[in-house]
Amino acid sequence: MAISLPPLPYADNALDPHISDRTISFHYGKHHAAYVNNLNGLIEGTDLADASLEEIIAAAEPGGASNPALFNNAAQVWNHTFYWNSMRPSGGGDPSGPLAAAIDASFGSVDAFKQQFAADSVGNFGSGWTWLVREDDGLAIVKTDDADTPIKHGQTPLLTIDVWEHAYYLDYQNARPAYVETFIEKLMNWEFAAANFAR
Ligand code: MN3
């Protein structure tokens, strides 16, 4: 059973004007779809042909000798699906309930979290991702490079922002800080984060 491209959780133009349907058409329709197609080509006829995405990620070593192409494509499929769900139309605002309490405990305040998340997203050199994750002793912000993903490192992702240039260049050109600020203030899906936190 091949890995499928999950449908977007909203219409192609639902995040406009913050993320345009033109960006979605390339980022989801070309980049994310290509990772799915590449992955299916890599697993076809192998003992991973019927494996879940998470099983494939666990079976491949990031950058290791075993199969970096397998890891990169599988992790990028997983990361992008998580990214689409990390945004919603009319998102932003503040968390509530147990997640808000956990953010206060780990970062001091929601505003302090937002400042650190923005700084780490802007400062993540090159292509990668910035994540809010749950670790054994609380919440943390982690940056990953290229396709790397927290699920490979025993962390539970709650939210992510894609800071590869293809995520924002059509709408923001080189202005990554403007994309990051818009993501936090207008798009961030706290309900998704809270649901992941409650697992
Ligand atoms: Mn991307």
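## Around Leu-139

Let us start with a well-connected residue: setting aside neighbours within four places in sequence, Leu-139 is in contact with Leu-99, Ala-102, Ile-103, Ser-106, Phe-107, Leu-132, Val-133, Arg-134, Leu-158 and Phe-197. Please keep in mind that this is a predicted model.

Where in the fold does Leu-139 sit? Its place is in strand S2, which covers residues 138–145. Because its relative accessible area is 9%, under the 20% cut-off, Leu-139 counts as buried. One of its contacts is Leu-158; the two residues are 19 apart in sequence, and their C-alpha atoms are 9.2 Å apart in space.

## Around Asn-196

Leu-158 turns up again in the surroundings of Asn-196. With neighbours within four places in sequence left aside, Asn-196 is in contact with Phe-82, Arg-134, Thr-156, Pro-157 and Leu-158. Arg-134 is also among the contacts of Leu-139.

Asn-196 belongs to helix H8, residues 190–197. Is this residue buried or exposed? Asn-196 is buried, because its relative accessibility is 4%.

## The manganese site

Which residues hold the manganese ion? The ion is coordinated by three histidines and one aspartate, namely His-27, His-80 and His-166, each through NE2, and Asp-162 through OD, at 2.0 to 2.2 Å. Along the chain, these donors follow the spacing H-x52-H-x81-D-x3-H. Two of them deserve a closer look: His-27 lies in helix H1 (residues 21–43) and Asp-162 in strand S3 (residues 156–162), so this pair ties together parts that are 135 residues apart in sequence.

How buried are these two donors? His-27 has a relative accessible area of 1%, and therefore counts as buried. Asp-162 is buried as well, with a relative accessible area of 0%.

## Aromatic pairs

For readers who like ring geometry, there is plenty to look at here. How many aromatic pairs does the model contain? The count comes to 15. Among them is the pair of Trp-129 and Trp-131, with 5.9 Å from centre to centre and 35° between the planes. This pair is classed as tilted, because its angle falls between the limits of 30 degrees for stacked and 60 for edge-to-face.

Both partners are hidden from the probe's reach in terms of the burial class. Trp-129 is buried, because its relative accessibility is 0%, and Trp-131 is buried with a relative accessibility of 0% too.

Definitions and conventions:
Residues numbered from 1 in each chain as written. Predicted model: local features only at pLDDT ≥ 70, side-chain atom pairs only at ≥ 80, totals over all residues. Heavy atoms only, no water. Helix = DSSP H or I, 4+ residues; strand = E, 2+ residues; numbered from the N terminus. Buried < 20%, exposed > 50% of the residue type's maximum accessible area, 1.4 Å probe, protein only. Contact = heavy atoms within 4.5 Å. Phe/Tyr/Trp six-rings, centres within 6.5 Å; stacked < 30°, edge-to-face > 60°. Donors = N, O, S within 2.8 Å, 3.2 Å for Na, K, Ca; no water.
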